[in-house]
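Student: Could you walk me through this model, one question at a time? I would like to see how each answer is reached.

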Amino acid sequence: MKNADQISLITFATDAAVAAPLSADPSAIARSIQALRIDPAEERGFTNTPAALRMAQTELNSSRHNENARRVAVMLTDGLPTAPGDEDVAGQAIRVGKTLGEDGIGLYAIGLGEEVNRAFVESLVADPENAFLAPTTAELSDIYNQITSSLCTAGPTKIDVIAKGDIIFAPLR
């Protein structure tokens, strides 16, 4: 990470929450990821994508954001947006995704799983090159490297993928 860089962690299921506020300390984010626990009730809950995007926008617009840093969100989703009620959750998420772009926030979306709605993931982002599909976690490391390369103007860096519990992500290097 460079001096101006910050990272945050937003979790979402039925609701979205800031699991770790914007910080220049990648170790703090790594600890937050390691501490994540999935509430058993949420395993069959929702994927409230609009709430997650709004939370990311709020965090990136907060006083914690370094004004000298670009504002970018990377969303990892199952690509199947759902929320309580009868509202058009996919349409709502797409509209919120557009407001991020209008607000100067770059959005990258990664659909993880075999049943990802590709059209939905692609419709979230302003640039089709910012949409990725990962049928399994094995593809995540390469995707994160592609995102890193597109973000880094001073040369490529590395996004560490930190393994979480029973969900096996790409190994740390």
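Student: Happy to start with a small detail. Which residue just after α3 takes a positive phi?

Tutor: Good place to begin, and please keep in mind that this is a predicted model. Look just past the end of α3, where the phi angle is positive, at about 80°. The residue there is Gly 104.

Student: What is the order of the elements along the protein chain, from the N terminus on?

Tutor: The protein chain has five helices and five strands. Reading from the N terminus on, the order is β-β-α-α-β-α-β-α-β-α.

Student: What share of the residues in the protein chain is buried?

Tutor: For a residue to count as buried, its relative accessible area must be under 20%. The protein chain has 173 residues, and the buried share of them is 36%.

Student: And what share of the exposed area do carbon and sulfur atoms supply?

Tutor: The protein chain exposes about 9,900 Å². Of that area, the share from carbon and sulfur atoms is 51%.

Student: Back to α3, then. How does its reach agree with what is expected at 1.5 Å a residue?

Tutor: Helix α3 covers residues 89–102, which is 14 residues. At 1.5 Å a residue, 20 Å is expected. From the first C-alpha to the last, the helix comes close to that value, reaching 20 Å.

Student: Which elements are included in what covers the buried residues of α3?

Tutor: The residues to look at are Val 89, Gly 91, Ala 93, Val 96, Gly 97 and Leu 100, which are buried. Their cover includes one strand and two helices: β4 (106–112), α2 (49–60) and α4 (118–124).

Student: Since β4 has come up, is it largely enclosed, and how many of its residues are buried?

Tutor: Strand β4 pairs with β3 in the parallel sense, over six bridges. In that pairing, Thr 77 stands opposite Gly 111 in β4. The strand is largely enclosed by the rest of the structure, because the number of its seven residues that are buried is five.

Student: Which strands do the buried residues of α5 pack against?

Tutor: In α5, the buried residues are Leu 140, Ser 141, Ile 143, Tyr 144, Ile 147 and Thr 148. Seen down the helix axis, they fall within an arc of 160°, so they line one face of α5. Those buried residues pack against β3, β4 and β5 (131–134).

Student: Now the N-terminal part. In which sense do β1 and β2 pair?

Tutor: Strand β1 takes in residues 7–12 and strand β2 residues 16–23, and they form a hairpin with three residues between them. Leu 9 stands opposite Ala 20 in β2. The two strands pair over five bridges, and the sense is antiparallel.

Student: Why are the buried residues of α1 on the same side of the helix?

Tutor: In α1, which is residues 26–35, the buried residues are Ile 29, Ser 32 and Ile 33. They are on the same side because the arc they cover around the axis is only 100°. Arg 31 and Ala 35, on the other side of α1, are exposed. As for what covers the buried residues, it includes β1 and β2.

Student: At the start of α1, which residue has a side-chain oxygen that reaches the backbone nitrogen of Ser 27?

Tutor: Look for a side-chain oxygen that comes to within 3.0 Å of that nitrogen. The residue it belongs to is Asp 25.

Student: Is Ser 62 buried or exposed?

Tutor: Ser 62 is found in the loop between α2 and β3 (72–77). A polar atom of its side chain lies 2.8 Å from the backbone oxygen of Glu 59. With a relative accessibility of 18%, Ser 62 counts as buried.

Student: One last question. Which residues does Glu 42 touch, not counting residues up to four places away in sequence?

Tutor: Glu 42 lies in the loop between α1 and α2, and it is partly exposed, with a relative accessible area of 27%. Glu 42 and Thr 14 are 28 residues apart in sequence, yet C-alpha to C-alpha they are 7.0 Å apart in space. Leaving out residues up to four places away, Glu 42 touches Ala 13 and Thr 14.

Methods
Residues numbered from 1 in each chain as written. Predicted model: local features only at pLDDT ≥ 70, side-chain atom pairs only at ≥ 80, totals over all residues. Heavy atoms only, no water. Pairing = 2+ DSSP bridges. Helix = DSSP H or I, 4+ residues; strand = E, 2+ residues; numbered from the N terminus. Buried < 20%, exposed > 50% of the residue type's maximum accessible area, 1.4 Å probe, protein only. Arc of directions from axis to C-beta. Contact = heavy atoms within 4.5 Å. Polar contact = N/O pair within 3.5 Å; in protein donor to acceptor, adjacent residues only side chain to side chain. Areas by Shrake-Rupley, 256 points an atom, 1.4 Å probe, with all protein chains shown as cover. Expected span 1.5 Å × (residues − 1).
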